[in-house]
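Welcome to a short tour of a protein model. Take a moment to turn the structure around before reading on, and keep it at hand as we visit a few spots.

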Amino acid sequence: WKERNYGTLRRLAIAPPSLAYFLGGKMLSLAVVLTSVGSIALACAIGLLNYPAHNVAWAVIWVVGAGLGLFLFMAFIQVHAPAERPAHVITTFSLFLLSMLGGSFFPFEMMPDWLARIGRLTPNGFAIGQLKQILSGALGPGGRHAAERAESSLDLGDAMARGSRGQRIGGARGRVGQGRVH
């Protein structure tokens, strides 16, 4: 919403480089931050807590990929909101709900079985479960399951991109005209 309010999106709409470069730059900077945070967190877990981690490099790659996926999910929600305030309310509510259910606040082992089953179905619950399997050595970078996950992630991203072209929550269509982004 800041980009829209500052006129960045209006300038991007008429500039030769596409919006994909803008989004790519945001994702690249986020990937650098996530790589740093994931590496430092895993180094602290291994060095200070003596956590017996396997596939550390793959775990960092997974943290970056999952973080980028969650960023795109929240951006998708933001873009489809009718205005800035509802966008913030919807994403904050979604983030809090997913954090509560997805094992970010309380580990699945502490939750009742029925709630843990629901939590594992959330995006961050799935990411946490896969990260635990990677760190335990049960899941590695190769194999049939990794290829299936990558393919399903690409299908989801493609579906979100096709579904978001020009549409927002409430059925309104975004358009550029008379020098303003509506």
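One of the places worth a visit is Y51, a residue that is partly exposed, because its relative accessible area of 37% falls between the limits of 20% for buried and 50% for exposed. What you are viewing is a predicted model, so please read each value below as computed from that prediction.

**The overall layout**

Let us step back for the general plan. The protein has 8 helices and 2 strands. Following the chain from the N terminus, you meet the elements in the order α-α-α-α-α-α-α-α-β-β. Of the 182 residues in the protein, 24% are buried. The accessible surface of the protein is about 12000 Å², and carbon and sulfur atoms hold 68% of that surface. Among contacts in the protein with a separation of 6 or more, 57% are between residues 24 or more positions apart.

**The loop between α3 and α4**

Now return to Y51, which sits in the loop between α3 (19-47) and α4. Y51 belongs to a nonpolar surface patch together with I46, L48, L49 and V56. Taken together, the residues of this patch have about 490 Å² of accessible area.

The loop also holds N50 and N55. What is the sign of phi in N50, a residue other than glycine? The value is positive, near 55°. N55 has a positive phi too, near 50°, and is likewise a residue other than glycine. As for their surroundings, N50 counts as exposed at 62% relative accessibility, while N55 is partly exposed with a relative accessible area of 32%.

**Along helix α4**

Helix α4 covers residues 56-79, and Q78 is found in it. Is Q78 buried or exposed? With 18% relative accessibility, Q78 is buried, because the cut-off for that class is under 20%. The side chain of Q78 makes a polar contact of 3.1 Å with the side chain of T91.

Helix α4 also takes part in an aromatic pairing. Searching the whole structure gives 2 aromatic pairs. One of them is made by W62 and F126, whose ring centres are 6.1 Å apart and whose planes meet at 70°, an edge-to-face arrangement. W62 lies in helix α4 and F126 in helix α7 (residues 123-136), so this pair ties together parts that are 64 residues apart in sequence. W62 counts as buried at 18% relative accessibility, whereas F126 is partly exposed with a relative accessible area of 38%.

**Around helix α7**

Which residue pairs with K132 in a salt bridge? The partner is E109, and the closest N and O atoms of the two are 3.2 Å apart. Because E109 lies in the loop between α5 (84-101) and α6 while K132 lies in helix α7, the salt bridge ties together parts that are 23 residues apart in sequence. The count for the protein comes to 1 salt bridge. In general, side chains of opposite charge can pair when their charged atoms come close. E109 is exposed, at a relative accessible area of 59%, and K132 is partly exposed, at 35%.

Our last stop is T122, in the loop between α6 (113-119) and α7. T122 counts as buried, with 9% relative accessibility. The side chain of T122 reaches the backbone oxygen of G119 at 2.7 Å. A further polar contact, at 3.2 Å, joins the side chains of T122 and N124. Beyond neighbours within four places in sequence, T122 is in contact with L98, L101 and G102.

**Polar contacts and the salt bridge side by side**

Here are the pairs from the tour with their distances.

| Pair | Kind | Distance |
|---|---|---|
| Q78 and T91 | polar contact, side chain to side chain | 3.1 Å |
| T122 and G119 | side chain to backbone oxygen | 2.7 Å |
| T122 and N124 | polar contact, side chain to side chain | 3.2 Å |
| E109 and K132 | salt bridge, closest N and O atoms | 3.2 Å |

To finish, try finding helix α7 in the viewer: F126 lies in that helix, and so does K132. From F126 you can look across to W62, its edge-to-face partner, and from K132 to E109, its salt-bridge partner.

Conventions:
Residues numbered from 1 in each chain as written. Predicted model: local features only at pLDDT ≥ 70, side-chain atom pairs only at ≥ 80, totals over all residues. Heavy atoms only, no water. Helix = DSSP H or I, 4+ residues; strand = E, 2+ residues; numbered from the N terminus. Buried < 20%, exposed > 50% of the residue type's maximum accessible area, 1.4 Å probe, protein only. Polar contact = N/O pair within 3.5 Å; in protein donor to acceptor, adjacent residues only side chain to side chain. Patch = residues over 30% accessible without salt bridge, like charges linked within 9 Å, V, L, I, M, F, W, Y side chains within 5 Å. Areas by Shrake-Rupley, 256 points an atom, 1.4 Å probe, with all protein chains shown as cover. Salt bridge = Lys/Arg side-chain N within 4 Å of Asp/Glu carboxyl O. Phe/Tyr/Trp six-rings, centres within 6.5 Å; stacked < 30°, edge-to-face > 60°. Contact = heavy atoms within 4.5 Å.
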